Amino acid sequence: MPLPLPMPLDRAWLLVHLPHQGSMCLLDAVTDWDAQHIRCIASSHRRADNPLRAHDRLGAACGIEYAAQAMAAHGALLVPADDAPRAGYLASVRSVELQVARLDDIAADLEVEAERLSGDGNTILYGFRVSAAGRELLSGRAAVILDADKLR
């Protein structure tokens with residue numbers, strides 16, 4: 001495991017380590033992580049220029065993208081400093097439970113958590129949870145595939 005980094009890791013760190021750039025980088029910071037878990041915060045759900053907004057609202061299912069970005073940050077944290085993170089693809093989501101209809105009317109920052117449940121060198125199963133002020137907004141599981149061409 002790479003050397004510990006001082007917490008929190010800010011948006012500048014995320015922009016260097018995630019493929020998501022500009023307003024598409026939805027997270028503000030990584031607040032905690034270890035080999036199995038990551039916890040991030042986000043405030044972009046309240047922004048009128050959030051790129052996931054449609055029809056002047058941000059549906060709760062968009063929280064899956066917040067979770068996917070947390071998973072990508074987790075992957076970046078797990079690689080040695082001199083290695084480039086591997087490209088990951090969200091292959092499927094399962095058991096998604098939406099507790100709210102939308103995210104843009106949530107006043108508190110989002111708390112985005114992902115837990116690595118299992119995996120090998122190319123496929124990872126994460127559990128995820130998005131909450132605000134202690135209230136769960138959505139949760140589920142996601143399968144991530146690294147190096148998709150290796151599956152052929």
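Colour the chain by secondary structure and follow it from the N terminus: the elements run in the order α-β-β-α-β-β-β-β. That order comprises two helices and six strands. The model is predicted, and every value in this tour is computed from it.

Next, select the whole protein and display its accessible surface. The surface amounts to about 8,000 Å², with 54% of that area belonging to carbon and sulfur atoms. Of the 152 residues, 39% count as buried. If a contact map is at hand, consider the contacts with a sequence separation of 6 or more: 60% of them are between residues 24 or more positions apart.

Now hide the surface and turn to the interior. The largest nonpolar core has 39 residues, and those touching the most other members are V30, I38, L110, V112 and L137. To see where the core is drawn from, select α1 (11-17), β1 (29-33), β2 (37-42), α2 (63-78), β4 (110-119), β5 (123-132) and β6 (135-146), each of which gives two or more residues to it. Which element gives the largest share of this core? Select α2, which supplies eight residues, the largest share.

Centre the view on L137 and list its contacts, leaving aside neighbours within four places in sequence. The list contains E97, L98, Q99, V100, L103, I106 and L110, together with V130, S131 and A132. One of these partners, L98, leads to the next stop.

Select L98, which is placed in strand β3 (residues 88-98). Is L98 buried or partly exposed? Its relative accessible area is 44%, so L98 is classed as partly exposed. Add L90, V93 and V96 to the selection: with L98, these residues make a nonpolar surface patch of about 280 Å². L98 therefore offers two views, as a member of this patch and, with its relative accessible area of 44%, as a partly exposed residue in contact with L137.

For the last stop, select the cysteine sulfurs. How many disulfides does a search of the whole structure find? The search finds zero. C25 is in no disulfide, and the nearest cysteine sulfur to its own is that of C40, 9.6 Å away. C40 is likewise in no disulfide, its nearest cysteine sulfur being that of C25. A disulfide requires the two sulfur atoms to be within 2.5 Å, and the separation here is 9.6 Å. Finally, check the exposure of both residues: C25 counts as buried because its relative accessibility is 2%, and C40 is buried with a relative accessible area of 0%.

Note on methods. Residues numbered from 1 in each chain as written. Predicted model: local features only at pLDDT ≥ 70, side-chain atom pairs only at ≥ 80, totals over all residues. Heavy atoms only, no water. Buried < 20%, exposed > 50% of the residue type's maximum accessible area, 1.4 Å probe, protein only. Core = buried A, V, L, I, M, F, W, Y, C linked by side-chain atoms within 4.5 Å. Helix = DSSP H or I, 4+ residues; strand = E, 2+ residues; numbered from the N terminus. Contact = heavy atoms within 4.5 Å. Patch = residues over 30% accessible without salt bridge, like charges linked within 9 Å, V, L, I, M, F, W, Y side chains within 5 Å. Areas by Shrake-Rupley, 256 points an atom, 1.4 Å probe, with all protein chains shown as cover. Salt bridge = Lys/Arg side-chain N within 4 Å of Asp/Glu carboxyl O.
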